[in-house]
Amino acid sequence: MKHLFKKRILIPIFAAVILFTGSAFNNNFFEIAKQIEIFTTLFKELNMNYVDDTNPADLMDNAIKNMLNDLDPYTKFYNEQDVEAERIRRTGDYTGVGARIRTLKDKLVVIEPYKDYPADKAGLKAGDQIIAVNGVNVAGYDGDASNLLKGASNSKLEVTYTRQGDTKNTTLTRSEIEINAVPHFSMVNKQTGYIVLQKFNAKASSQTAYALKDLKAQGAKQIILDLRGNPGGLLNEAVNVVNLFVPKGQLVVTTKSKVKKYNQTYYTKKEPIDTDIPVVVLINGRSASASEIVSGTLQDLDRAVIVGSRSFGKGLVQRPKKLTYGTQLKVTISRYYTPSGRCIQALDYWNRDNNGNAVRVKQENYNVFKTKNGRKVFDGGGVFPDEAIEVTKNTAITDAILGSQSIFDFATKYYYTHKISDINTFKLKDSDFNAFKSYLNTSGFKFETETEKALKKALEVSKTENLDDDINKDYQTLITNLDNSKAKAVQDNKSQLINLLTDEIVKRYVYREGLYEYYKIHNEEIKTANEILSNLSKYNRYLN
């Protein structure tokens, strides 16, 4: 009886302790459970009672994705098809036709065929518009039409496509596709090796190591590592790439999270290949995530000179979480910090403006950090190059033009109307740029500035207050002035736009492999890197 009495007293006390220590958790848990119950009943009633038939899968997919849109663009829900696409991105291996494809409502556009892979062998070229696969029209396909191109290795598919207004047919044989993290490495001159690291998949560090060893064997005494346009990938691979140039046991990156187990420090674990060879790293506004870990860490350790334009500014780390029925959640779990202690995250997704857009960290709010040698570096806005090249910096107008596919479409048109005998001497003329400007005017390209948006809003408000008569005249004058200003902005960005056009056009003639060879002769960043590396005292001045 006495023992039973003790038990009766201890159990409530123990429960009270759990309730007290876990009160914050319990409150949060109750709120989560409450909201799930509300959503479940709403979803059930909606699907049972809505006037027309609903598609529960589509409704749920949209509900989840819209919920995640309020967080950051990297926290994503993946259905079964998305999970497979993510696996391909991480590993770089899949079975398919060997081309970058853009899915539109009524067609699949070939963006880039990979040399000697099925699409290329079948004669498909960038700009071709696939309208049917094995007799199935893309326009009437329910779902992601790019899935029509997938299938077992060695299986055949019939493709109907249009090219410059003509309809054509071809047969492709699917094969195993290997996407290299390092698509190109070669000698720029007798002393300088050039490595292009395009993505941080599972092969990134091993392929970079192979390239570095091979170039050293060819006589390379200095290295250009090209991370331009590299969107990132696996964090461990970024650590391993840094490890090629720095000693074992060096801190590379720290991650910090509200969840204790995600607070981690990453050190180099292997013996390096070369800790002394001079290195220049090339970056631009599309170098993100793992690219910024490599460039930022090598900068912090004064191990490389960074050349180009400010990187994207993604200082967030994601991790995939398995859900039911083969789906996944890729969730942002932490921020990462380079050895100096800086986080280069540029956009604040948790404090948005009145339009719901993430706010960019203002320059006056950047914090100063110190590299190993005491140089000043900053957080909050990506990795800043040690040698900035202005022509590589994207502006609002160039971003808008890139987003519109105008450069891609103009390059397609150019390819079918021009013959080039020697691509290495190719150079766009002023007449070509004027033709591009005319194309922008006739292609329906529109670029709405923030000023225009504000003026439109002001005009709408003026109508509700019966003030629009005189204001409308002034508004039209301002819009005309803005249009003139936008035309001038295109002209002002001529150098960069010509570079972007040249890149896209060169690829049409000699594939991506040929573009890298073209870069070694003409590219401004590579010329600057060569100039720095050819003068050791100048190279060391950057690092000290």
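**Exercise 1.** In this predicted model, find where Asp302 lies and decide whether Asp302 is buried or exposed.

*Solution.* Start with the chain: Asp302 sits in the loop between α8 (290-300) and β16 (305-308). Next, look at the backbone, where Asp302 has a positive phi of about 55° although it is not a glycine. As a reminder, most residues other than glycine have a negative phi. Finally, turn to the surface: the relative accessibility of Asp302 is 8%, so Asp302 counts as buried.

**Exercise 2.** Now do the same for Asn154: which loop holds Asn154, and is Asn154 buried or exposed?

*Solution.* Asn154 belongs to the loop between β6 (136-137) and β7 (156-163). Asn154 is not a glycine, yet its phi is positive, about 75°. Since its relative accessibility is 60%, Asn154 counts as exposed.

**Exercise 3.** Which parts of the chain does the salt bridge between Asp128 and Arg163 tie together?

*Solution.* First check the contact: the closest N and O atoms of Asp128 and Arg163 are 2.8 Å apart, and a salt bridge requires a distance within 4 Å. Then place the partners: Asp128 lies in the loop between α5 (118-121) and β5 (129-133) and Arg163 in strand β7, so the pair links parts that are 35 residues apart in sequence. Both Asp128 and Arg163 are buried.

**Exercise 4.** Where do Lys488 and Asp492 lie, and how is each classed by accessibility?

*Solution.* Lys488 and Asp492 are both in helix α13 (residues 468-492), 4 residues apart, about one turn of the helix. Their side chains form a salt bridge at 2.9 Å, N to O. Lys488, at 51% relative accessibility, counts as exposed, and Asp492, at 53%, counts as exposed too.

Notes: Residues are numbered from 1 along each chain as its sequence is written. This is a predicted model: local features need pLDDT of at least 70, side-chain atom pairs count only at pLDDT 80 or more; totals for chains, interfaces and linings use all residues. Side-chain values use heavy atoms; hydrogens and water are left out. Helices (H or I, at least four residues) and strands (E, at least two) are DSSP runs, numbered from the N terminus. Buried means under 20% relative accessible area, exposed over 50%, partly exposed in between (1.4 Å probe, protein chains only).
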